[in-house]
Amino acid sequence: MRERLTGDAGREQPDTALVVLAAAVATAVLSPVVWLGWRASRLGIGEAIRLAASDTAVDVLANSLVLVGVVTAASVALGVPLAVVTVQTDLPFRRLWTVLAALPLVVPSYIGAFAYVSAFGPSGVLPDLLTQYGLGFVTPYLPTVYGLGGTALVLTLFTYPYVFLTTRASLLSFDTTQLEAARTLNHSYPRAFRRVILPQIAPGVTAGALLVALYTLSDFGTPAIMRYDVFTRVIYVELNAFGQSRATLLSLQLLAVTAVILALESRVSADTSSGYGSPASASPVVSLGRFRWVVTLLPAGVSLFTLAFPVGILTMWLVRSGPGYSGGGLAFEPAFALNSAYAAALAAGVTVLFALPVALYAGRSNSLLARAVERSTYIGYAMPGVVLGLALVFFASQWLTQAVGVGVARAVYQSLPLLVFAYVVRFLPQAVGATRSSVAGIDRDLVGAARLLGETPSGAFRRVTLPLISPGLLAGAALVFLTTMKELDTTLILHPTGFTTIVTYIWRVQEAGYYGRAALPALVLVAVSGLSMVPLLKGSDDA
């Protein structure tokens, strides 16, 4: 990258080339929104109103809002008590329960949904056991795992850690002397919590709740497996049924609801630093007494249903499948894992290249344009995967056809470069964030010294800047690689024909009901996801 010295020695200002390059990256990231808007503009006003007011659109909106409300409320009801007992009480093995309470983020929610359906669905483990022991007549009376109930249960179990982690961070920042003052005024702990603690940790709780709401709204795999019609599932169904007009309108509605949640999250995040006193000790402030082991049942029970149960079910299916399990000819091949790793490696490399100019520009400039360029990279991260996939389908199959011809469009549509570009749009903020923090930590005097010793701008970048920011680049690349390996939505829509990855294989065999065939790749994804949690868990400090 070229750099220019202005003013004081060692003080850098991004030159025009860097600004243009960063702006070009931001434009590329924003392009899917443009393509989606272009497709929507081709609908007549009357047609758009008719589709938006149809019974399907109204039902999907209602279902989505109900699911978001139920999952968010349930996650708060689960995450806040877990945060309290692991921070402010003398719960036995607090560090262990803290790690286990955060670990459900390791399990992709669609893997959790697959595990629960394979256990309680019509062809699952429970009906098989009942039939084996002569109780098959009970099966029709079992509650269904499908629909709102099952979808809300699975999403709650695997998203509540967002609330747990943000609430726990707020509790660790809470000045416990305020609680001690309340206790001296003869306030019981529940009353003191309600009047003193809760108002001050409310921003943290709300931030976690909004993250849960955003995830729930954008999730595709769980509602699809649980057969519950929300925006993401219906958009995917309409796209495959060539109902592109309805899919477009539903995508715009989904983006509108997502924008509202993002606006709320932004306002809450701006206020999370208020209401805290001096840094507090992590030492417990409440003694559970004889109830210590009873309260332990809460984190133990949650860990049972979020970790032990899905991993146990997947392991059982793996053992039951055995070497002679036919699986309808859908055998897992090592090439599928290699395809996943290959696509993820490409995505990681390209994403880092895209992130570098943005991170350098944002790390060196506080201008309005620099902030706008950096924040624009988060648009794709906030966009639900099915909407991004739909936008890129419009670009490759329709816009390119009109702009440059059918031949080019066919070459781009469902190609690996298009899939990698989708990954870049989705996960660019992960690389930008990791790299920008490294850029911000560079001593500008070192670069200035290199320039004064005769280094060219590119030479100073190569010999000074690049080695210093390489840890951030590598961390961003690793995070993008691990996240790409388990990405479902865009992979299903955009993967090239015949290019089977771990997630597309899991999706295919679970739809066919061959649960044993999905066990091994699902466990591989859980392990891969676990690697992405290592930095978070290393940063979790509990005395």
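Let's start at F137, which sits in the loop that runs between helix 6 (125-132) and helix 7 (147-173). Hi everyone, and please keep in mind that this is a predicted model. Is F137 buried or exposed? With a relative accessible area of 59%, F137 is exposed. F137 also has company: together with L129, Y133 and L135, F137 makes a nonpolar surface patch of about 460 Å².

Now let me step back to the whole chain. The protein chain has 25 helices and two strands. There are 543 residues, and 52% of them count as buried. The accessible surface comes to about 23,500 Å², and carbon and sulfur atoms account for 65% of that. As for contacts between residues at least 6 apart in sequence, 82% join residues at least 24 apart.

On to the inside. In soluble globular proteins, nonpolar side chains tend to be buried together. Here, the largest nonpolar core has 126 residues. Which residues have the most contacts inside it? They are I111, F220, I235, L392, L494 and W507. Helix 20, residues 416-440, gives the most to this core, with 14 residues. There is also a second, separate core of 26 residues, and L78, V87, L171 and Y228 are among them.

Let me pick out I235 from that list for a moment. Leaving out residues up to four places away in sequence, I235 touches A247, L250, S251 and L254, and also V386, V387 and L390.

Next, the charged pairs. How many salt bridges does a search of the whole structure find? It finds six, and I'd like to show you three of them.

The one I'll take to begin with joins R292 and D90, with the closest N and O atoms 3.7 Å apart. R292 lies in helix 13 (residues 292-295), while D90 is in the loop between helix 3 (55-87) and helix 4 (94-102), so this pair ties together parts that are 202 residues apart in sequence. R292 itself is partly exposed, with a relative accessible area of 27%.

Then there is E238 with R246, where the closest N and O atoms are 3.5 Å apart. E238 is buried, at a relative accessible area of 18%, whereas R246 is partly exposed at 22%. If those two labels look surprising for such numbers, remember that buried means under 20%.

The third is my favourite, and it takes us to E487. The side chains of E487 and R426 meet in a salt bridge, 3.6 Å from N to O. Why does this pair tie together parts that are 61 residues apart in sequence? Because E487 lies in the loop between helix 22 and helix 23, and R426 lies in helix 20. Are these two residues buried or exposed? Both E487 and R426 are buried, and for E487 the relative accessible area is 7%.

Let's stay with E487 a little longer. Helix 22, just before its loop, covers 457-485. Setting aside neighbours within four places in sequence, E487 is in contact with Y423, R426, F427 and V503. Its side chain also makes a polar contact, at 3.0 Å, with the side chain of T490.

So what about T490? T490 is in helix 23, residues 489-494, and it counts as buried, because its relative accessibility is 0%. Not counting residues up to four places away in sequence, T490 touches G385, L388, G389, L419, A422, Y423, R426 and H495. You may have noticed R426 there: R426 is touched by T490 and is the salt-bridge partner of E487. There is a long-range neighbour to point out as well: P384 is 106 residues from T490 in sequence, yet their C-alpha atoms are 9.0 Å apart.

To finish, two backbone details for those of you who like to look at phi. R227, in the loop between helix 10 (221-225) and helix 11 (231-240), has a phi near 60 degrees, a positive value in a residue other than glycine. R227 is exposed, with a relative accessible area of 52%. Q414, in the loop between helix 19 (406-412) and helix 20, has a positive phi too, near 50 degrees. Q414 counts as partly exposed, at 25% relative accessibility.

Thanks for listening, and I'm happy to take questions.

Notes: Residues numbered from 1 in each chain as written. Predicted model: local features only at pLDDT ≥ 70, side-chain atom pairs only at ≥ 80, totals over all residues. Heavy atoms only, no water. Helix = DSSP H or I, 4+ residues; strand = E, 2+ residues; numbered from the N terminus. Buried < 20%, exposed > 50% of the residue type's maximum accessible area, 1.4 Å probe, protein only. Contact = heavy atoms within 4.5 Å. Polar contact = N/O pair within 3.5 Å; in protein donor to acceptor, adjacent residues only side chain to side chain. Areas by Shrake-Rupley, 256 points an atom, 1.4 Å probe, with all protein chains shown as cover. Patch = residues over 30% accessible without salt bridge, like charges linked within 9 Å, V, L, I, M, F, W, Y side chains within 5 Å. Salt bridge = Lys/Arg side-chain N within 4 Å of Asp/Glu carboxyl O. Core = buried A, V, L, I, M, F, W, Y, C linked by side-chain atoms within 4.5 Å.
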